[in-house]
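Here are two exercises to work through with the model open. Try each one before reading its solution.

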Amino acid sequence: MSDSSAVDTVTTTGLVSLRDVNKHFGDLHVLKDINLSIGKGEVVVVIGPSGSGKSTLCRAINRLEPIDSGTIMLDGQPLPGEGKALAKLRADVGMVFQSFNLFAHKTILQNVTLGPMKVRGQSRSEAEENARALLERVGVAAQADKYPAQLSGGQQQRVAIARALAMDPKVMLFDEPTSALDPEMINEVLDVMIGLARQSMTMIVVTHEMGFARKAANRVVFMADGQIVEEAEPERFFTDPQTKRAQDFLSKIL
Ligand code: ADP
Ligand code: MG
């Protein structure tokens, strides 16, 4: 991968590809020459210490955060800067955050139908039919007419996943989707994500859940200090990390 021609190939063929991406917050260099390509149907787990730039990376991919240099492409197209094209791009990139971010004053069903009606131009009946099927798929169909506060954290996060899927995204980004959950709810969310991975959804998942990485990921990307320090297939990464930084990190979380 250090061979630049290899990087050229992967960054031009990926569904999501980042090339020489740099981002600063003031003097802080938070993304340093990031080169990363994610193929269609690939599941990439991003792991690394707090502050290493994982969330910024996710936010850069759907342009919640502007970058200073480099290029990010989705399905062969550079990310648009603004306007309708940007709204469409955002719809193509489903995002699930640590804090579920549901609309508190809308029902579960409304949370899932709003985007498809507004951005995808679906009729209410079409959007509701899709939404009910998705709520069924993530196991919360019975909660459709409730409000987010009436659901457990695990249920809310599954609704957040259904809401993202309702836009029929090309790729799903998950930023520590289980780290705000009580332990007994973590698996119900991970199981939904494992199901998605098995159905060949392209996914970028920031998580320290090794069980998920082992079951569902094709690749682990280890970030430290704004850089991609190591990339490997999960079993190899967890059992035989090559860099001292990855070894140190794993010795703390295992
Ligand atoms: P991670 O998700 O790996 O914990 P982040 O991407 O959230 O890391 O943050 C990377 C670095 O950028 C951290 O040092 C963080 O404090 C800093 N940072 C993140 N967002 C901002 C911001 N909006 N303004 C200034 N600094 C930020
Ligand atoms: Mg983060």
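**Exercise 1.** Work out how α4 passes α5, right-handed or left-handed, and at what angle.

*Solution.* Start with the handedness: α4 passes α5 in a right-handed crossing (the near helix is turned clockwise from the far one by less than a right angle; anticlockwise would be left-handed). The contact involves I108, L109, V112, T113, P116 and M117 from α4, and R124, A127, E128, N130, A131, L134 and L135 from α5 (contact: C-beta atoms, placed from the backbone, within 7 Å). Next, the axes of α4 (residues 108-118) and α5 (residues 124-137) come within 9 Å and cross at roughly 125 degrees. The two are therefore oblique (neither under 35, over 145, nor 65 to 115 degrees).

One note on sources: this is a predicted model, where local features need pLDDT of at least 70, side-chain atom pairs count only at pLDDT 80 or more, and totals for chains, interfaces and linings use all residues. Residues are numbered from 1 along each chain as its sequence is written, while chains are lettered from A and ligands numbered from 1 in the order in which they are written.

**Exercise 2.** Is V206 buried or exposed, and which residues stand opposite V206?

*Solution.* First, place V206: it's in β8 (residues 202-206). Then count: 22 other C-beta atoms lie within 10 Å, so V206 is buried (20 or more; exposed means 12 or fewer, partly exposed in between). Finally, look at the partners. β3 (residues 43-47) pairs with β8 in the parallel sense over four bridges, with V46 opposite V206. β7 (residues 171-175) also runs parallel to β8, joined by five bridges, and D175 is the bridge partner of V206 there.

Note on methods
Axes fitted to C-alpha atoms, helices over the stretch in contact; angles between N-to-C directions. Contact = placed C-beta atoms within 7 Å. Pairing = 2+ DSSP bridges.
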